[in-house]
Amino acid sequence: MENLSGFKTNHDPNKAYIACQKLGIHERILKWPKGYETDLDKDLVPSTSEYHKLLLARAIYESPKLLILDQPDAFLGPNGEKLLQALILQRKRDGLTTLFATSHSSLLGLSDHIVLLEDGTIKSNTPTKKLAQAQSIQMKKASNHG
């Protein structure tokens with residue numbers, strides 16, 4: 001519990017439960033030897049997917065106005081990816097900003113802008129809708145020649 005709260009002295013268990021529920025790991029944690037008080041590595045070694053979900057839950061514990069995620073969809077599996085997509089959409093509806101780097105196209109449709117970086121330099125910063133429209137036109141042209 002303390003770890004999920006970022007080791008805050010006055011941590012709120014409900015915030016931890018909500019964060020874990022959003023990422024689909026709450027029920028799993030309840031089955032661990034000591035539930036939310038399980039000492040990871042001592043009482044149990046979580047799977048890579050579980051560990052990743054715990055890190056994401058820790059990141060959203062306080063519902064930060066700005067959340068920066070690097071490859072948040074790695075190791076989550078299909079169900080975890082759906083929960084991550086729902087989380088990003090909810091943050092968007094709540095007026096919160098989420099920046100993420102991804103190599104999977106499933107998250108790109110949730111973005112407002114796509115920034116292409118190359119060697120640490122911004123090569124393009126394009127509204128997602130504009131890029132999607134351009135891609136659709138290219139796809140139509142390609143399919144007309146086939």
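Which residue forms a salt bridge with K15? To find out, select K15 in this predicted model and look along its side chain: the partner is E62, and the closest N and O atoms of the two residues are 3.0 Å apart. The pair brings together distant parts of the chain, since K15 belongs to helix 1 (residues 13-22), while E62 sits in the loop between helix 3 and strand 1, 47 residues apart. Colouring by accessibility shows K15 as partly exposed, at 32% relative accessibility, and E62 is likewise listed as partly exposed, with a relative accessible area of 40%.

**The whole chain**

Before going further, step back and show the cartoon, in which the protein has 5 helices and 4 strands. Followed along the sequence, these elements give the pattern α-α-α-β-α-β-β-β-α. If you colour the buried residues, the selection takes in 29% of the 146 residues in the protein.

**Around the first loop**

Stay with the loop that holds E62, and select S63, which also lies between helix 3 (48-60) and strand 1. Most residues other than glycine have a negative phi. The phi of S63, however, is near 50°, a positive value in a residue other than glycine. With 41% relative accessibility, S63 counts as partly exposed.

From here, select G77, which you will find in helix 4, and then add S49 to the selection. The two residues are 28 residues apart along the chain, yet the C-alpha atoms of G77 and S49 are separated by 7.7 Å. G77 has a relative accessible area of 30% and is therefore classed as partly exposed.

**The largest pocket**

Next, turn to the largest pocket, which holds about 630 Å³ of space. Its lining is made of 20 residues, and the ones closest to the centre of the pocket are T98, L99, F100, S111 and H113, so selecting these five is a convenient way to centre the view. To see which elements surround the space, display strand 1 (66-70), helix 4 (77-93), strand 2 (97-101) and strand 3 (113-118), each of which supplies at least two residues of the lining. Colour the lining by residue type, and it divides into 13 nonpolar, 5 polar and 2 charged residues.

Keep L99 selected, because it is partly exposed, with a relative accessible area of 45%, and it has a place in a second feature as well. This residue of strand 2 joins L66 and I68 in a nonpolar patch on the surface, and the three together have about 300 Å² of accessible area.

**The loop between strand 2 and strand 3**

Where does S106 lie? Select it, and you will find S106 in the loop between strand 2 and strand 3, where its relative accessibility of 34% makes it count as partly exposed. Add E81 to the selection and compare the C-alpha atoms: those of S106 and E81 are separated by 8.5 Å, although the two residues are 25 residues apart along the chain.

**More salt bridges**

The structure holds 4 salt bridges, and the pair of K15 and E62 that opened this tour is one of them. For another, select K92 and D112, whose side chains meet in a salt bridge with an N to O distance of 3.0 Å. K92 lies in helix 4 and D112 in the loop between strand 2 and strand 3, so this pair ties together parts that are 20 residues apart in sequence. K92 counts as partly exposed, at 35% relative accessibility.

Then move to K34 and D43, whose side chains also meet in a salt bridge, here at 3.4 Å from N to O. Of this pair, D43 has 28% relative accessibility and so counts as partly exposed.

**The last stop**

For the last stop, select D119, which has its place in the loop between strand 3 and strand 4 (121-127). Is D119 buried or exposed? D119 is exposed, with a relative accessible area of 77%. The backbone of D119 also deserves a look, for its phi is near 55°, a positive value in a residue other than glycine. A positive phi was also seen at S63, with its value near 50°, and you may wish to display S63 and D119 together before leaving the model.

Technical notes
Residues are numbered from 1 along each chain as its sequence is written. This is a predicted model: local features need pLDDT of at least 70, side-chain atom pairs count only at pLDDT 80 or more; totals for chains, interfaces and linings use all residues. Side-chain values use heavy atoms; hydrogens and water are left out. On a 1 Å grid over the protein atoms alone, a cavity is a set of points where a 1.4 Å probe fits but cannot get out, and a pocket is an open set with protein on both sides within 12 Å along at least five of seven lines; lining residues have an atom within 4 Å of a point. Grid points are joined across faces, edges and corners, and a volume is the space filled by probe spheres set on the points. Ala, Val, Leu, Ile, Met, Phe, Trp, Tyr, Cys and Pro count as nonpolar, Asp, Glu, Lys and Arg as charged, and the others, Gly among them, as polar. Patches are made of residues with over 30% relative accessible area and no salt bridge: like charges are joined within 9 Å, nonpolar side chains (Val, Leu, Ile, Met, Phe, Trp, Tyr) within 5 Å. Accessible areas come from the Shrake-Rupley method with a 1.4 Å probe; for residues, only the protein chains shown count as cover. Buried means under 20% relative accessible area, exposed over 50%, partly exposed in between (1.4 Å probe, protein chains only).
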